[in-house]
Amino acid sequence: MKESGRKQGAPSPCAACKLLRRRCAQDCVFAPYFPADEPQKFANVHKVFGASNVNKMLQELPVHQRRDAVSSMVYEANARVRDPVYGCVGAISSLQHQIDVLQTQLALAQAEVVHLRVRQAATLSTSHAAFSPSDSGSPSSKLVPTQTKPLFDMDMVVDQANLGDHVW
C-alpha cells in the first residue's frame, strides 16, 4: 500500500536514486543534497556530470564541504542546460560586460559632474569679477559688467547606442 510517497514505512528514495532507479540506502551520499521533491535538480547534474562522477566528487570531499560542492554543481549544470556552449562562462562573461558598461556610465557621470562643477566655478568667478566699482565717486557711477569667457567649454555627448546589452 502506497501512502505519501512511502512504501510500507520506508522513506521515499532521493531524487538521485529515483532517477537512477535504484534502492536508496540509509547512507546514500546523494540523499542529503538531492531531496525527492526536487527531481530536476539531480536530473540536470546527472546530465552534465554523470552520477558516477558526482558520487566520486562527494565521496572525496569532507562532509562539511559537500553542500557547497553540490550547490556549485547544480549552478553549473543549470547554466549548461540553459546555454550548452558557454555554460557558466557565458553568464560570467555577460555579467562582466554589464560591469564594464556600468563602469563606463559611472565614469561619464563623474566626468559630467566635474564639468558642471568647473562650469559653476567659472560662472561664479566671472560674476564676481564682472562687476567692479568705478573710481569716480559720482552718483552716476554704477557697477559695470565686464565680458569674460569661460575657462573652457566642453559639451559632452554620450553615445548610448554603444552601451547596450551584449548578447552571446
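Is Arg 21 buried or exposed? Hold that thought, and we'll come back to it in a minute.

Okay, hi everyone. What we have up here is a predicted model, so let's begin with how confident the predictor was. The mean pLDDT of the protein chain is 80, and 70% of the residues get to 70 or more. Two stretches need some caution. Residues 1-8 stay under 50 in pLDDT, and the model gives them five contacts beyond four places in sequence. Then there's 150-163, where pLDDT is also below 50, and that stretch has 17 contacts beyond its near neighbours in sequence.

Now the overall layout. We've got five helices and four strands in the protein chain. If you walk from the N terminus, the order goes β-β-α-α-α-α-α-β-β. So you meet two strands, then the five helices, then two strands again, if you follow that string along. There are 168 residues in the chain, and 20% of them are buried. As for the surface, about 12,700 Å² is accessible, with 56% of that belonging to carbon and sulfur atoms. One more number for the whole chain: take the contacts with a separation of 6 or more, and 49% of them are between residues 24 or more positions apart.

Right, back to Arg 21. You'll find Arg 21 in the loop between α1 and α2. The answer to my opening question is exposed, with a relative accessible area of 77%. There's also something to look at in the backbone: Arg 21 has a positive phi, about 55°, although it isn't a glycine.

Stay in that loop for a second, and look for Cys 28, which is found between α1 and α2 as well. Cys 28 is buried, and its relative accessible area is 11%. What does Cys 28 touch, once we leave aside neighbours within four places in sequence? That would be Cys 14 and Cys 17. And if you measure from C-alpha to C-alpha, Cys 28 and Asn 55 are 9.7 Å apart in space, with their positions 27 residues apart in sequence.

Next, let's follow the chain into α2, which covers residues 39-49. Its buried residues are Phe 42, Ala 43, Asn 44 and Val 45. What covers them? The cover includes α1, at 15-20, along with α3 and α4, where α4 is 63-82.

Let's take α3 as our first partner. Helix α3 is residues 51-60, and its axis comes within 7 Å of the α2 axis, crossing at roughly 100°. The two helices are therefore roughly perpendicular to each other. From α2 you have Phe 42, Val 45, His 46 and Phe 49, and they meet Ala 51, Asn 53, Val 54 and Met 57 in α3. Sorted by class, that contact has six nonpolar residues, two polar ones and no charged ones. By the way, the residue following α2 is Gly 50, and Gly 50 has a positive phi, near 90°.

Now for α4. Here the axes of α2 and α4 come within 8 Å and cross at roughly 75°. So α2 and α4 are roughly perpendicular to each other too. On the α2 side, the contact uses Lys 41, Asn 44, Val 45, Val 48 and Phe 49, and on the α4 side it uses Met 73, Val 74, Glu 76, Ala 77, Asn 78, Arg 80 and Val 81. How many charged residues are in the contact of α2 with α4? Three, together with seven nonpolar and two polar.

If you'd like to trace one residue yourself, try Val 45. Val 45 is among the buried residues of α2, it takes part in the contact with α3, and it's in the contact with α4 too.

That's my bit, thanks!

Terms used
Residues are numbered from 1 along each chain as its sequence is written. This is a predicted model: local features need pLDDT of at least 70, side-chain atom pairs count only at pLDDT 80 or more; totals for chains, interfaces and linings use all residues. Side-chain values use heavy atoms; hydrogens and water are left out. Buried means under 20% relative accessible area, exposed over 50%, partly exposed in between (1.4 Å probe, protein chains only). Contact means heavy atoms within 4.5 Å. Accessible areas come from the Shrake-Rupley method with a 1.4 Å probe; for residues, only the protein chains shown count as cover. Axes are lines fitted to C-alpha atoms, for helices over the stretch in contact, and angles run from 0 to 180 degrees between N-to-C directions. Angles under 35 degrees count as roughly parallel, over 145 as roughly antiparallel, 65 to 115 as roughly perpendicular and the rest as oblique. Ala, Val, Leu, Ile, Met, Phe, Trp, Tyr, Cys and Pro count as nonpolar, Asp, Glu, Lys and Arg as charged, and the others, Gly among them, as polar. pLDDT is the predictor's confidence in each residue, from 0 to 100.
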